[in-house]
Amino acid sequence: MTFHLGVALDGYGWHTHAWALTAETRSVLSGNYWADLAVTAERGLLDFLTIDDSLMPQIGRSSRIHPDRLTGRGDAVLTAARIAPLTRHIGLIPVATVTHTEPFHVSKAIATLDFVSHGRAGWQPRVSGTAHEAALFGRRTVNPAELFDEAVEFVDVVRRLWDSWEDDAVIRDVATGRYIDRDKLHYIDFAGKYFCVKGPSITPRPPQGQPVVAALAHATPVYYFAAETSDLVFVTPADEAGASDILGEVRGISQHLKVFADIVVSFHGQDDFRSDTWVWTGTPTELVDLLLGWQRVGFDGARLRPAVHATDLPVIADEVVPLLQRVGQFRTRYRESETLRERLELPLAPNRYVAVNR
């Protein structure tokens, strides 16, 4: 089994003071800054990169704005669209929040990203559960007990909208003057507890059919959310023993999920910060030993979070990957025209409405 490796990007890195630990002077709102990060990740032949986002201007869910931390971010989906034309192979998985937003808009945004990237798009849904986040832009306060129920329904609607066009709905038949086969556009007619959406989408079915959906999960309830909605899940072990325990629990809930271990990597000793997952400060060789151990116990891959992008991401691309290649556990080139679903060995995504309407 091939080991999969992705990288998570946010700001200047996952260290809370990465902005002060980097020689990078470009703004995190610069398209060229993000493009260069993506090119470095693609140089390392990584499966995908993720771009973080939230409804807060800083990392975390605190209502307090910390004056010593990076503040302000661009939209992750738009950033991914900026990156797409400058890369050819790497998967692009932005975060898009599902609370206080509409599935119709997320659906067309990720579908568009899949078109402009030629089948390399994914989406990481995120919930927003605090009252101060809702107050930032004047939306309702959400009942925390309903957050993930609403999120399950949101993802379901998005997936239905992706299927609301058949793959060959656009016919461009000049002889008959028909651009579209109307019989191949479908109302989804969704009526649930939280959303009522007629459809169809305004964007044709994405090249992958269903772009890859990924969930970040810290605890048991979110493992169930991932099992119901997603193709892969990023879990957050605190140590080696914890990683095995989490894997066993997730496998007990779902056999279909691809399970990736999330880990912050700091190759230059910056470990003096809190994180929601393990902060690794060893050598590239030691990290590869850890990753291969995770592969042996059954993890499908890992998502590495560079503590400081400018210094840690090049080490991943230029030192960690070659070590994995040396032992035959990582690709030595990308396959041409490979979609992200194909690379992650996910099954083809049939259109649910074709069978119903034939």
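Colleague: At what angle do H9 and H10 pack?
Modeller: About 55° in this predicted model, between helix H9 (residues 284–297) and helix H10 (residues 309–326). Their axes, lines fitted to C-alpha atoms over the stretch in contact, are 9 Å apart. That makes H9 oblique to H10 (not under 35, over 145 or 65 to 115 degrees, on a 0 to 180 N-to-C scale).

Colleague: Which H9 residues make the contact?
Modeller: Pro-284, Thr-285, Leu-287, Val-288, Leu-291 and Leu-292 (heavy atoms within 4.5 Å). On H10, Val-315, Glu-319, Val-320, Leu-323 and Leu-324 take part.

Colleague: What else does Leu-291 touch, beyond four places in sequence?
Modeller: Phe-3, Leu-5, Ala-302 and Leu-304 are among its partners, besides Val-320 and Leu-324 of H10. Leu-291 also ranks with Leu-5 and Trp-123 as touching the most other members of the largest nonpolar core, which has 87 residues. Core members are buried Ala, Val, Leu, Ile, Met, Phe, Trp, Tyr or Cys, joined through side-chain atoms within 4.5 Å.

Colleague: Which helix gives that core its largest share?
Modeller: H6 (residues 147–162), with nine residues. Another core, of eleven residues, lies apart and includes Val-212 and Phe-260.

Colleague: New topic. Arg-303: buried or exposed?
Modeller: Buried, at 1% relative accessible area (buried is under 20%, exposed over 50%, 1.4 Å probe). Arg-303 sits in strand E13 (residues 301–306).

Colleague: What polar contact does its side chain make?
Modeller: One with the Asp-262 side chain, at 2.6 Å (an N or O donor–acceptor pair within 3.5 Å). Arg-303 also touches Phe-48, Gln-124 and Phe-260, among others.

Colleague: What are the ground rules here?
Modeller: Local features need pLDDT of at least 70, and side-chain atom pairs 80 or more, while totals for chains, interfaces and linings use all residues. Numbering runs from 1 along each chain, and side-chain values use heavy atoms, without hydrogens or water.

Methods. Helix = DSSP H or I, 4+ residues; strand = E, 2+ residues; numbered from the N terminus.
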